[in-house]
Amino acid sequence: MKKIDGHIHLVRELAGSKGQGRLSPLGNGYAIWDNGEIIHLIPKGWGEDNFLAEKYLPVMEQEGVEKAVLLQGTLNGYQNYYTYQVVKKYPGKFIGAFSVDPFAEYAMDIVKRHVEQLGFRAIKFEISQGGGLHGFHEPFRLDLDNHCAKIFHYLADYPGFVITVDYGDFTQTSYQPEAIVNLAHQYPQMDFVVCHLSFPNADHLNRFSSVLQQFASLKNIYVDISAIQDIDGETSADFPYPRCQKTVRVAKDILGARRIIWGTDSPWSATFNTYHQLATWLEHTDIFDEDELEDVMYNNANRIYFKSANVDAAKLANDPAYEKFKRTY
């Protein structure tokens, strides 16, 4: 079966920055936050202090992953330019989203450069309190804050643009599924992807269902199911993850198979469960029939992220800043 990993992070160099401070590499896939927390971020054999495309390509081949969607987050540090470089080097195999802090002084300059010059047609808002902007900003609403509104107004000129959002779990001030609903209403020409299945908990299916019911009538809202294993406390010994099966069944019942995107959130999630397990677990369940599984594993990400116009924009992109640099140096 063909697969597209709809949520993965390539890391040119660790540059994490969030509520715990800055992230510094320790080698052997480990890193330490300024508050002393040590995390195992990169699986053994994938890289000491980074996770490059050339390390991932053999993994893709081994697991039958034809393409991948490269996303950003403050955990690894924004890898915007490396993503641009990888997409240019492997056109059609990778597609990328960029990230920006909307409160940065030059936020709109950054947005325009990445869209108009670097060819991005997706943006990732990592706004979670635990791992993103709400960890070091005052609470804000993605659909109401003027800094964010400027970005959405600008992106409205690009039909088919993809807005990917990680808003954390319900305990965090960043948790705002209602904002996604409002934005999807306001911008029907764009697609919205909610990461990590809105952070489900198999012990609270009513709470989880209420969120998905808000999304149900809006056909431009999708969910990815990356990292739901470690979010719901399941590790390799739990394969094929009975708790995750419960929540994905609910998602299928409410949203349908054509609005669910498989992904892994590697490299970090591949330290809790092997990439092979993450790539095959759905095949060991009866949640989806064969056609539905093809949608979840490949077709949906291909339709949303790899739109022909979006792929062409990435292929045709050329960085004038780097071209000037080459002529000068």
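Okay, one term before I start: two strands count as paired if DSSP finds at least two bridges between them. Keep that in mind, and keep in mind too that what we're looking at is a predicted model.

So let's use that term straight away. Strands β6 and β7 run parallel, and three bridges join them. If you want to find the spot on screen, go to valine 69, whose bridge partner in β7 is isoleucine 95. Now turn to β1, residues 3–8: this strand pairs with β6 as well, again in the parallel sense, over four bridges. There, lysine 3 has valine 65 of β6 as its bridge partner. And how many of the six residues of β6 are buried? Five of them, so to speak: strand β6, residues 65–70, is mostly covered.

There's another sheet to look at. This one is open, has four strands in the order β2-β3-β4-β5, and its pairing is antiparallel. At the edges sit β2, residues 17–18, and β5, residues 38–40, and each of those pairs on one side only. Take β2 and β3: two bridges join them, and they run antiparallel. Serine 17 is a handy marker here, with arginine 22 as its bridge partner in β3.

On to a helix. In α3, residues 107–117, the buried residues are Ala107, Met108, Val111, His114 and Val115. Why do we say they line one face of the helix? Because, looking down the axis of α3, they fall within an arc of 135 degrees. And what covers them? The cover includes α2, residues 80–89, and α4, residues 146–155. Just after α3 comes glycine 119, with a positive phi near 80 degrees.

Hold on to that glycine, please, since Gly119 turns up again in the lining of the largest cavity. By the rule used here, there is one cavity of 30 Å³ or more, and the space in the largest cavity is about 70 Å³. Among the residues lining that cavity are Tyr84, Val87, Leu118, Phe120 and Asn310. Ile95, the one we met as the partner of valine 69, is in the cavity lining too. As for elements, α2, β7 and α11, residues 308–316, each give two or more residues to the lining. By class, the cavity lining has six nonpolar, three polar and one charged residues.

Last stop, the pockets. The largest pocket has a volume of about 490 Å³, and 29 residues line it. Which of them lie nearest its centre? Asp166, His196, Phe199, Asp265 and Trp268. Two elements give two or more residues to this lining, β8, residues 122–126, and α7, residues 228–231. The class split in the largest pocket is eight nonpolar, 14 polar and seven charged residues.

The second largest pocket holds about 180 Å³ of space. Of its 13 lining residues, the closest to the centre are Asp169, Phe170, Phe199, Pro200 and Asn201. You'll have noticed Phe199, which is also on the list for the centre of the largest pocket. Helix α6, residues 205–216, gives the most to the second pocket's lining, with three residues. By class, that lining has seven nonpolar, four polar and two charged residues.

That's my tour, thanks for listening.

Terms used: Residues numbered from 1 in each chain as written. Predicted model: local features only at pLDDT ≥ 70, side-chain atom pairs only at ≥ 80, totals over all residues. Heavy atoms only, no water. Buried < 20%, exposed > 50% of the residue type's maximum accessible area, 1.4 Å probe, protein only. Arc of directions from axis to C-beta. Contact = heavy atoms within 4.5 Å. 1 Å grid on protein atoms, 1.4 Å probe; cavity = no way out; pocket = protein on both sides within 12 Å on 5 of 7 lines; lining within 4 Å. Points joined across faces, edges and corners; volume = space filled by probe spheres on them. Nonpolar A, V, L, I, M, F, W, Y, C, P; charged D, E, K, R; others polar.
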